[in-house]
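Student: Please take a close look at a single part of this model, the charged side chains that pair with each other. After that, place that part among the helices and loops around it.

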Amino acid sequence: MNMCVGFFGIQIGFGLQNANTSRIFQTLGAEVDSLAILWIAAPLTGLLVQPIIGHLSDKTWTPLGRRRPYFLVGAVLTSMALVAMPNSPTLWFAAAMLWIMDASINITMEPFRAFVGDLLPDEQRTAGYAMQSFFIGTGAVFASCLPWILSNLGVASVAPEGITPDSVRWAYYIGAACLLSAVLWTVFSTKEYSPEQVAAFDAHRALPGQLPDGEQAPARSSKSYILGGLVWAAIGFAGFIGVAVTGLEKELYIAAGGIAAFGVLQIAVGALHAAKASNGVTEIVDDIFRMPEAMRGLAVVQFFSWFALFAMWIYTTAAVTAVHYGTSDTTSAAYNTGANWVGVLFGVYNGVAALAAFVIPVLARRTGRRGAHAINLVLGGLGLIGIAMIRDPALLWVPMIGVGFAWASILSMPYAILSGAVPGRKMGVYMGIFNIFVVVPQLLAATILGLTLKHFFGGEAIWALVIGGGSFFIAAVCALLVREPGTT
């Protein structure tokens, strides 16, 4: 419990961000089809920060331990960003605050994933990550419902154009205080095993499909890195030219830039290997290319799962206010009533996730981790599609039950499987690399969802939720194909 209390605070910050960022953006003048591109800060910072923090925390040992120094620094920075975000004077200031907030959350959150893997043996990890899901769910319930609670206590939920309502601002202030307090609890109530103890545990826990110390697959040759990098870079630069020549939307530059950047990174790593040089970047990239088989399968599952989640987080407020409350006017009482109700709905799915955290380990014992995860992802897909089918806003809590089971499973099952497939001394970096497969679908969603809605669905945000439901179904099928260590 002490290991996971900090996640209660982290999820308060994450929950406030998920439930209210689009609301703040729209209040400051953002159009619906530009919401996804404004959210680009969140996944991009995770892509850059988590592997680096994971790599650094693997190599850290201080009086506070291995992971806990990062918990503390990230919590302080996140609390400061939470105070600043609802006071943003302009749209681009708010986007910058989202960037800083998400970077800070990632500094704190990434080592928490490795923390449970460090301290628990494989047979306890399903329960350990389920406990994280419980605290994530309870923290998110509190965060999602805060503006609604405050508005019902008399705090104003309507404000002049361009001003964030007081109910949202005070929710962020309260969230900052709770986040810092919860993380401090974990920092000062837990201890960590030393690197030598972790190495000793690793020597006794190797299973088929794991990467025990000293037996990692060989890294790619410098020639392979350079040739592969040239191919990736060429595709990315061709994409830039194609977007410029055809006049397609500028959001596609992000996808082309990401492909080109990955190519340039491989070329640089290849050149360093050829020069017999090594640093943190080369080590991280080497680890990417020698991931265990189970991690490769989970990467596909994560891709489709998080594409669905990002669609939900970006577009639920715009979809519910437009379809179920009949308005997109951010100054109207109807819009703000609908936006507050979305906060409650997000609280419902997180509350269900907190309870589902106790059900999922039981389900996993009966169906296996893969089967349990697939079942829960199907429930999530049904939930997102259900939002589009139901027209009475008072009944929208029903499909959120399915979303809650999916969310609880996404927060526990992949990490329980992954932690048994990687060596303890690299738990942090592999948890950080695993986040790449959380981030890439979010970047893709931020790149194409707005364009897809604009060109094929008349700008109607509700269709993003239907697309997300389909993505959950694909993830469920892929989950059944994952090969866990020690299974067939």
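**A buried arginine and its surroundings**

Tutor: Arg66 is buried, with a relative accessible area of 3%. The model is predicted, and the values that follow are computed from it. Arg66 sits in the loop between helix 3 (41-58) and helix 4. Its salt-bridge partner is Asp58, and the closest N and O atoms of the pair are 3.8 Å apart. The cut-off for a salt bridge is 4 Å, so a pair at 3.8 Å is counted. Asp58 is buried too, with a relative accessible area of 12%. Because buried means under 20%, the 3% of Arg66 meets that limit, and so does the 12% of Asp58.

Asp58 has a further partner. Its side chain also meets that of Arg67 in a salt bridge, at 3.0 Å from N to O. Arg67 is buried, as is Asp58. The arrangement extends to one more acidic residue: Asp58, Arg66, Arg67 and Asp118 are linked in a network of salt bridges. Asp58 therefore pairs with Arg66 and with Arg67, and the network also takes in Asp118.

The count of salt bridges comes to 9. One of them joins Arg169 to Asp166, with N and O 2.5 Å apart. Here the two residues share an element: Arg169 and Asp166 lie in helix 7 (residues 166-189), 3 residues apart, which is about one turn of the helix. Asp166 is partly exposed, with a relative accessible area of 31%, whereas Asp58 is buried at 12%. As for distance across the model, Arg66 and Thr164 are 98 residues apart in sequence and 39 Å apart in space, C-alpha to C-alpha.

Next comes the helix that follows the loop of Arg66. Helix 4 spans residues 68-84 and holds Val73. Val73 forms a nonpolar patch on the surface with Val76, Leu77 and Met80, and the accessible area of the four together is about 340 Å². Val73 itself is partly exposed, with a relative accessible area of 45%. That value qualifies Val73 for a patch, because the cut-off is over 30%.

Two helices of 31 residues can be described in the same terms. Helix 6 covers residues 122-152. At 1.5 Å a residue, its 31 residues should span 45 Å, and its end C-alpha atoms are 45 Å apart, which agrees. Helix 6 nevertheless has a kink of about 45 degrees at Leu146, shortly before the proline Pro147. Just after helix 6, Gly154 takes a positive phi of about 105 degrees. Within helix 6 lies Ala127, which is partly exposed at 47% relative accessibility. Ala127 and Ile360 are 233 residues apart in sequence, yet their C-alpha atoms are 8.8 Å apart in space.

Helix 12 covers residues 293-323 and also has 31 residues; from its first C-alpha to its last it reaches 43 Å, close to the expected 45 Å. A kink of about 55 degrees is centred on Tyr315 in helix 12. This helix is mostly covered, with 23 of its 31 residues buried.

Backbone angles also mark a loop. Lys276 lies between helix 10 (252-274) and helix 11 (280-289). Its phi is near 60 degrees, a positive value in a residue other than glycine. Most residues other than glycine have a negative phi. Lys276 is exposed, at 77% relative accessibility.

Lastly, which covalent links between cysteines does the search find? A disulfide is a covalent bond between the sulfur atoms of two cysteines. The search of the whole structure finds 0 disulfides. For Cys4, the closest cysteine sulfur is that of Cys178, 18 Å away, which is too far for a bond because the cut-off is 2.5 Å. Cys4 counts as buried at 3% relative accessibility, while Cys178 is partly exposed, with a relative accessible area of 23%.

To return to the part you asked about: Arg66, in the loop between helix 3 and helix 4, is buried and belongs to a network of salt bridges with Asp58, Arg67 and Asp118.

Methods
Residues are numbered from 1 along each chain as its sequence is written. This is a predicted model: local features need pLDDT of at least 70, side-chain atom pairs count only at pLDDT 80 or more; totals for chains, interfaces and linings use all residues. Side-chain values use heavy atoms; hydrogens and water are left out. Patches are made of residues with over 30% relative accessible area and no salt bridge: like charges are joined within 9 Å, nonpolar side chains (Val, Leu, Ile, Met, Phe, Trp, Tyr) within 5 Å. Accessible areas come from the Shrake-Rupley method with a 1.4 Å probe; for residues, only the protein chains shown count as cover. Helices (H or I, at least four residues) and strands (E, at least two) are DSSP runs, numbered from the N terminus. Buried means under 20% relative accessible area, exposed over 50%, partly exposed in between (1.4 Å probe, protein chains only). The expected span of a helix is 1.5 Å times one less than its number of residues. The bend at a residue is the angle between axes fitted to the seven residues ending there and the seven starting there.
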